[in-house]
Amino acid sequence: MSQGTPVPPVAKKIPVRIEQLGRVRTDDYQWMKDDNWQAVLRDPTLIKADVKEHLEAENAYREAMMVSTLPLQAAMFEEMKGRIKEADSSVPSPDGPWEYYVEYRTGDQHPRYMRKPRGGAGEAQLLLDANALAAGKAYSEVSQTGHSPDHALFAYSEDAQGSEVHQIFVRDLATGEVLPDPIGSATGNFTFSPDSQWMFWTNRDDNGRPDKIFRRPVRGGEATLVYEETDDGMFIGVGRTADDAFILISVGNQETSEARVIPAATPTATPVVLEPRHGGRLYEADHWGDRWIIRTNADDSIDFKIVEAPTATPGKAHWTDLVPHTPGRYIEGVGLVKDYIGRQERADANTKIVIRDRAGAEHEIAVDEPAYSLSLSGASEFDTTVMRYGYNSPSTPTSTYDYDLATRERTLRKVQEVPSGHDAADYVVERLNAPAPDGELVPVTVLRRRSTPVDGSAPLLLYGYGSYGIPMAASFSTNRLSLVDRGWIYAIAHIRGGSDKGWGWFLDARRFTKKNTFTDFIAAAEHLISSGHGKAGHIVAQGGSAGGLLMGAVNNMRPDLWAGIIGQVPFVDVINTMSDTSLPLTPPEWPEWGNPIEDPEAYDYMMSYSPYDQVAPMAYPAVLATGGLSDPRVTYWEPEKWVARLRPATTSGKPILLKINMEAGHGGASGRFDYLKEVAHDFAFAVWAIDKGWERV
């Protein structure tokens, strides 16, 4: 490095000795956690002065180190923006006398929520302009919207700083006025009662957890507690069944769930348990006119089955198999209309949609491609024969179809436009299978330009997640093209911990088998190297949140494979976070990771892979860690502490960088263009890491 190279901040060390279950660890950087973090989430100006000073110094250092990438960031941003149709709208969803949709005007950062008379006769009506709502704010995100069943009111929840603490507003659509007395301290989740007289919503407590369901008259008034969850390890939410026959309260975590229901005819009644919670059993219930339809893993149905039960006796004793369990065919979700059930299934990292009528006859919607994504979005109304679904692949933009379940006719409603131009024939999509150390085959989806050589010379970005049973869809993204069109190969590793090959694929990489997630990702990288799609030291790995844990783990396990690591809002301080019961996600996530407070085996296993704790002197690649000051999921101090420990440990001389968005939370910037700037920044870092751009600073 030259004499004028920016000097990285040196984090002060204040050793804190922590004894837990007879084990002792020392944390030099615990001071970075603000003891008043709950207040900081709601008002970031309250952050401790020394923490703020250090974060600002880290941001300044990263900007100075990456100054040469500014033209590339600007170019990529313009490319990404040019691939978005700025003046655009969604396909309207019919519901009663109206069709509801979302539109963007040229230059808009945020959507406009609209409706128009069904059939097209009459003027469109503006329900909410989220651009006006965001005016003058550094951050504004509308998380949920919904109209009352009688179409007289429109409600929306806003997070005004990225902390996921929402206010819920209700607008009178006859007058256009927002009603006084908005609901505060909410998760953003709400529903109207089927009779349009009541609003139900989920409260967020001081520690950021959903803890209560409240009800009040739709136009304001005294709130009534409907349900309180006393188990800190459970998430809760409220909604309505597809047929509007019940208000539905859902309770659950990764391995146990419960539903409570309130009949539509008596919305002020006390909720009744549909089937009591039972450890290890999951179920989701919906109502199909004259019976309950339930998706469940009961009776060792690892990949789930669908059962039915009478309306009056919905308990498990009355469950009858409707769609039996088939190993390897994971039933992801169910949608109901009056006479049909639509279900989405996943196998071998691809999806298909199956339609079933009341007589039990079935047919499927599938695509014969190596890697693709089908997504069933269902219908906005119950008395219909039409469901909507979307199709795309890594090379093919999204097509939206309306599908008539009775006639099997499909109507193409929209094809995603790429204004700057896109020809799917210019690209190749491949599906590889990487052998894991234990013999399992890990699907890997690959996207490249047809002209890009497969001889190890192309730079490779490998993306992974692998937690909570969340699959990585083989879907289309215009943003990725800014790398692929520069001769990069883009790959997604469908590793264990997700449900890409079924729910068992998730169960094989949690708690005491979590390391399968990391070794699967390394196996994917090695297979891509052996197939000519990359070479060691010429790969950038990327993952966010729990995928950031993956990044931290593979950074420690195989630093030789990577030119760069991008850990976005990375969950890397695993032991400390899973031992802090005040944090929003700690008790709910013990089923996923284990409880290091009470279980010595869980502590030891977690410690053996915890990225922060396993940092050691070695030749690390270039690292970019990102975070948000208002993030309640992965708090800002996790990437901050990780960087502080990595920088003095690395022996490679490659830079360790930190980017903290001081005005956002877990999801980054809220505006659609501001968000693209963050994507462009991270992709520019990938190019910079491959090119060793720091050598020219």
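Which strand is His147 found in? Before we get to that, one thing to keep in mind: what you are looking at is a predicted model. His147 is found in strand S8, which covers residues 141-147. We'll come back to this histidine once the whole chain is in view.

Let's zoom out. The protein chain has 13 helices and 38 strands. Its radius of gyration is 25 Å, close to the 26 Å that the globule rule gives for 697 residues, so the chain is as compact as a globular protein of that length. If you draw a box around the C-alpha atoms along the principal axes, you get roughly 75 × 55 × 50 Å.

What about inside and outside? Of the 697 residues in the protein chain, 60% count as buried. The chain still exposes about 26,100 Å², and carbon and sulfur atoms supply 50% of that area. As for how the chain meets itself, take the contacts between residues at least 6 apart in sequence: 57% of these join residues at least 24 apart. Charges come next. There are 70 positive and 96 negative side chains, and the centres of the two sets lie 2 Å apart.

Now back to His147. Is this residue buried or exposed? Its relative accessible area is 18%, and because buried means under 20%, His147 counts as buried. Its side chain is joined to that of Asp95 by a polar contact of 2.7 Å. Asp95 also turns up among the residues in contact with His147 once neighbours within four places in sequence are set aside, and the others are Tyr100, Leu153, Phe154 and Phe192.

Move along the chain from there and you reach His151, in the loop between S8 and strand S9 (153-159). What is the phi of His151? The angle is positive, about 65°, although His151 is not a glycine. This loop residue is buried too, at 10% relative accessibility.

Val569 is another residue to look at for its backbone. Where does Val569 lie? You'll find it in the loop between strand S36 (562-568) and helix H9 (574-578). Its phi is near 35°, a positive value in a residue other than glycine. With a relative accessibility of 9%, Val569 counts as buried.

So, if you'd like a short tour in the viewer, begin at His147 in strand S8, step to His151 in the loop between S8 and S9, and finish at Val569 in the loop between S36 and H9.

Terms used
Residues are numbered from 1 along each chain as its sequence is written. This is a predicted model: local features need pLDDT of at least 70, side-chain atom pairs count only at pLDDT 80 or more; totals for chains, interfaces and linings use all residues. Side-chain values use heavy atoms; hydrogens and water are left out. Helices (H or I, at least four residues) and strands (E, at least two) are DSSP runs, numbered from the N terminus. The radius of gyration is taken over C-alpha atoms; the globule rule is 2.2 Å times the number of residues to the power 0.38. Buried means under 20% relative accessible area, exposed over 50%, partly exposed in between (1.4 Å probe, protein chains only). Contact means heavy atoms within 4.5 Å. Accessible areas come from the Shrake-Rupley method with a 1.4 Å probe; for residues, only the protein chains shown count as cover. Lys and Arg count as positive and Asp and Glu as negative; His and the chain ends are not counted. The place of a charge is taken as NZ of Lys, CZ of Arg, CG of Asp or CD of Glu. A polar contact is a pair of N or O atoms within 3.5 Å; within protein, one must be able to donate a hydrogen and the other to accept it, and residues adjacent in sequence count only if both atoms are side-chain atoms.
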